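Let's take a relaxed walk through a protein model. Have the sequence and the 3D view ready as you read.

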Amino acid sequence: MEKFYAVLIAHCTLVFFLLQLVHYSLLFFASHFVERIAVSATCLVVTLITFRFTKKWYLQDEIDTKKKAVLITGCDSGFGYLLAQRLERKGFKVFASCLFPRGAGASELKMILSEHSKVFGLDVTKQESIQQALKYVKDNLGPYELWAIVNNAGVRKGFSMELSSMQDFEDCMDVNALGHVRVTKAFLNLLRTSKGRIINVNSISSRMPMSDIIPYCMSKHAAAGFNDCLRAELANTGIKVISVEASAFLSPMTEADVIKKNLEEKIAEYEDVIMKNSGKVYIENYRKLWNFFLRNVSKDVHIAINDLEHAVCCQYPETIYDTSPNIFRVMCLKMQACLPPFIQDRFYLTIPLIICKLCRL
């Protein structure tokens, strides 16, 4: 490591002096030309950044929801459960799919939604279930056209590498990533007529590494990769592909008691290995870290539902929604994700230690 830092310092010093040399050379030979380029580039960057705010003021026209249907996966609870109600009030025919069609969430939705919307069973990990759902939607569309698919079904399993089983990795990938692929592949032809949109519910961890939820984070990276590749593939078809990347909002997936119980079970299961490799302090700090994160889960779920509604209804939706109650936190994480990997690693090593020290206060 000493050699690494020595080379790093030497590199930074050399580049600094070379840039200074180039700077003074340009000032001497072509200062006016360089100034023009710099001003133009600055204007372009500012224009592109501020367009997002202009868009929010002047490009908020909504589509006509008449005779349009939306398919939402994972409506047993959480985002899907709330979004199904919101979109029906907007005038859509909603196909609300649930993993447990006879469960409490599905039963409540059947009572809340009107007769022209449908609540039915769908397991996104099983191809047979998806084909049955496709047939059910086709048989019940009637005069409506399928306008949007909302790939919302998701699971969160596992913690760090040492506190996760292979089954945790497989389950997260099967639902969070491959579930999006299976549903989209099955229903894509129905969207070609309407030139509608595919909305993938991803996560803030889709674009940055989070070492305390590795199985979940890995699956969300895969889901974001699928989203971006599909967007490029369908760019000329009129079908929009949108990623809604939410931070931690209150839902069954972020329920504190459930996560704490799961964490204690994992610690008990792998305690011997952890004690041998990392020691008791690691376990205590890990508990404090999760307690800190769980205290910062947002209860403002309507923020996520608003973005999902906007993605479905707006004529000019965003390509990626950074859904968070705290935009400053998102900006910091986005900037951090642009740093070189060795600095990111230092960041992820340092922040937990700071949090654990703060938790002692």
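We'll start with the whole chain, then look at a pair of helices and two loop residues.

Keep in mind that this is a predicted model. The protein chain has 361 residues, and 41% of them count as buried. Its secondary structure comes to 11 helices and 7 strands. Among contacts with a separation of 6 or more, 75% link residues that sit 24 or more positions apart. On the outside, the chain exposes about 20400 Å², with carbon and sulfur atoms supplying 63% of that area.

Now for the helix pair. Helix 7 covers residues 256-277 and helix 8 covers residues 280-295; their axes lie 11 Å apart, at an angle of about 165 degrees. Angles over 145 degrees count as roughly antiparallel, so that is the label for helix 7 and helix 8. Their crossing is right-handed. On the helix 7 side, the residues that meet helix 8 include Ile-259, Leu-263 and Ile-267, while helix 8 brings in Tyr-286, Trp-290 and Leu-294, among others. Sorted by class, this contact has 11 nonpolar, 1 polar and 4 charged residues.

Finally, which loop residues have a positive phi without being glycine? Two examples are Lys-67 and Lys-195, compared here:

| Residue | Phi | Loop between | Relative accessibility |
|---|---|---|---|
| Lys-67 | about 60 degrees | helix 1 (2-58) and strand 1 (68-72) | 38% |
| Lys-195 | near 50 degrees | helix 5 (166-194) and strand 5 (197-203) | 47% |

Partly exposed means between 20% and 50%, so Lys-67 fits that class, and Lys-195 is partly exposed too.

Terms used. Residues numbered from 1 in each chain as written. Predicted model: local features only at pLDDT ≥ 70, side-chain atom pairs only at ≥ 80, totals over all residues. Heavy atoms only, no water. Axes fitted to C-alpha atoms, helices over the stretch in contact; angles between N-to-C directions. Helix = DSSP H or I, 4+ residues; strand = E, 2+ residues; numbered from the N terminus. Parallel < 35°, antiparallel > 145°, perpendicular 65-115°, else oblique. Left-handed = near helix turned anticlockwise from the far one by under 90°. Contact = heavy atoms within 4.5 Å. Nonpolar A, V, L, I, M, F, W, Y, C, P; charged D, E, K, R; others polar. Buried < 20%, exposed > 50% of the residue type's maximum accessible area, 1.4 Å probe, protein only. Areas by Shrake-Rupley, 256 points an atom, 1.4 Å probe, with all protein chains shown as cover.
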